[in-house]
Amino acid sequence: AVLVACASFLSIAALTQATLLHLRDRPSRMFLAPMIGVIEPCILSQGPGTDKQADSLARSCTGAQGSAAALVESTLGDLLPRDGKGQNRYELGYTLPVPLLKLFKPSGADWVINDEAVGRLVRTLRDTDRPSIVYLFSTHFGQDAPIEKALSADPANLSVTPNGPLPNDTYHFGSDIFNWSFAKTGTPLTARRVQAVQAVLNEICKLEPRHIEKIRGVTLLGELHHLFPNFQGGMGFTGPYLVSDYSDASKQGFRAFLQRNYGQIERLNQALGTSWTSFEEVAPPSKDVRTTPLRDFTEHIDSFAHGFLPIAGWAHVKGLGGNSPAWIRIYRNGELIGRTPVDLGRQDVLEALPGLGDANTGWRFDMPFKDLPTGLHRIDVFLEDGSATPMHLATRHVAIMGRTQQTPQPLPQKALPASRPLSETTKAHLDLPADQSSYFYNPLVPLWHAFRGQQVVDYLEFFAERVGQSCLSQTKRYTHQIIPFTNPGWDANKFAIDASLQKLKDIRLGASLYGEPTYGTSFAQWLRATGHKAYGVTEFHPLKAMQASEFQTALDAHANRGAEFISFFLEPRWEGKLVDRGHNIFSLDPANAKFGSAQLYESAREALKRQR
């Protein structure tokens, strides 16, 4: 479920010896590792620039010993000068982005590693006297790498939906989307990623130990999750349900997954109510019963077939929010089934209604329905604003269907509590469920999602092993994952990312946090429930302006929860000026007016200057 109940705080006496050791080993200062865009203006520089600034920068980047070290220091120096470094509240380092597919250049009909670019990247680690996080990334977001076009022309490299390989797409922030497959490691794409990782690791391992020790961690691949058509608009619960991966490798892998977990087909049949004679008969669910005839009910899949119905929306009550949110009360057939706070980020609502002044207007409750009686259920949603009588927000009638699809009949109802209509100062809307909507539970779907989640984990661990076989075997490795459950409008099962957010054998959690999770309660509650003691924040942006004290409070809260580093995007600056390049709209920078980024930059600078 999206909403996770708060776990009780452990008393000091209940802390285990391992936890105490972990706390003792935690760095005395929070490590801030902003990600600086050094690739385009420096690592891939072709020589003298077109103006004085570009020419001066190019001279520092190129040559036999060229690197981005001077650019890194110039950028960080604007944020916190070197003098007084030892007395500040936070330790300032950097994240070095290593775009794996951008490290290739054409050579006849083949592609070879750009040794000059790799050398500049590694010499940056050598020549910069600050600690670093090395980000080995290759995601579905395009890198403007020439090899991408060649790799995407091979269907073996692409994710597959029930309708076939996913074509290229675009994202509304200007990025190309390459729907890369990770259903197996034996693909040309994976081979190129491994080739690039190995080239970088080989060069790193030539450095003196004192330079290798400056690498505090390695983050792997970036946002690795399953994909679907219309990436920018298809993250929610509407539209045709087409997810990955339905390649032959995935189908066979799913059958093997079921056999490992059930041993005998009879046990699977008993669990699902099926009558297969062998695992080879099992096919992943791939059709929507509403639009496509089924041969067997286990073929059905949609956003709800795993047995949970999200009840979700947004609300803004004047005078409530922050530590005193409004609450939602949900009834089914007249019986109270849950309460949930209005405290999740809804940036889309704020953009549509900027007068609200607050993005944390979202809420969601996932209602399990697999064990409910079939029939027509009534859902009533009330909004609590602190008064004795709640406001009635909406009523929805939903049909819980059986395998035979018989016409649903109304179920008995109990009397609802007294309520009043929405006040004039309250704005609210119920997004899900739709009225007169129907829901079908398919017990094979949770198993399919579990297998898809394991595919994510297996691919991450494959690359973690590559790093573990190098001189960085003792360096901490992190994922670099999004956290879908903090977005109440997203269908997390489309991403199948949850398994990779749990504790993994040799990889620590690395989470990209935007909006409320950076400073609110949703991520903190989830951490307590999952038992993570240490993690990294691989991308950090509150999506709103913050004063230095508020920004510092957010950083300190993460440090107290076990964050080992926090990274945010930072635009490169040379000789006190912004470097002319393609800019990230989420960069903290004095020239970035989006999402409060200019104020956040100043708050970060002020927080860094404060004494311990």
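**Exercise 1. Find which residues Phe551 touches, and place Phe551 in its core.**

Start with the contact list: skipping residues up to four places away in sequence, Phe551 touches Phe540, Met546, Leu588, Leu600, Ser603, Ala604 and Ala607. Contact here means heavy atoms within 4.5 Å.

A quick note before going on: this is a predicted model, where local features need pLDDT of at least 70, side-chain atom pairs count only at pLDDT 80 or more, and totals for chains, interfaces and linings use all residues. Residues are numbered from 1 along each chain as its sequence is written, and side-chain values use heavy atoms, leaving out hydrogens and water.

Next, the core. Phe551 is listed with Val38, Leu136 and Phe523 as having the most contacts inside the largest nonpolar core, which has 104 residues. A nonpolar core is a set of buried Ala, Val, Leu, Ile, Met, Phe, Trp, Tyr and Cys residues joined through side-chain atoms within 4.5 Å. Buried means under 20% relative accessible area, exposed means over 50%, and partly exposed is in between (1.4 Å probe, protein chains only).

Finally, look elsewhere: another core of 27 residues lies apart from that one, and includes Trp363, Val381, Met391 and Leu430. In soluble globular proteins, nonpolar side chains tend to be buried together.

**Exercise 2. Work out the strand order of the open sheet that holds β13.**

First, the order: this open sheet of 3 strands runs β16-β13-β19, with antiparallel pairing. Strands are DSSP E runs of at least two residues, helices are H or I runs of at least four, and both are numbered from the N terminus. Strands pair if DSSP finds at least two bridges between them.

Second, the edges: β16 (362–368) and β19 (426–432) each pair on one side only.

Third, zoom in on one pairing. Strand β13 (residues 308–317) is joined to β16 by 7 bridges, and Ile311 stands opposite Phe365 in β16.

**Exercise 3. Is Glu91 buried or exposed, and how does Arg420 rate?**

Take Glu91 to begin with: it sits in strand β3 (residues 90–92). Its relative accessible area is 13%, so Glu91 is buried. Beyond its neighbours within four places in sequence, Glu91 contacts Arg29, Met30, Phe31, Leu32, Pro131 and Arg216.

Now Arg420, in the loop between β18 (391–401) and β19. Its relative accessible area is 25%, so Arg420 counts as partly exposed. With neighbours within four places set aside, its contacts are Asp385, Ser387, Thr389, Pro390, Met391 and His392.

To round off, go to the whole chain: of its 612 residues, 55% count as buried.
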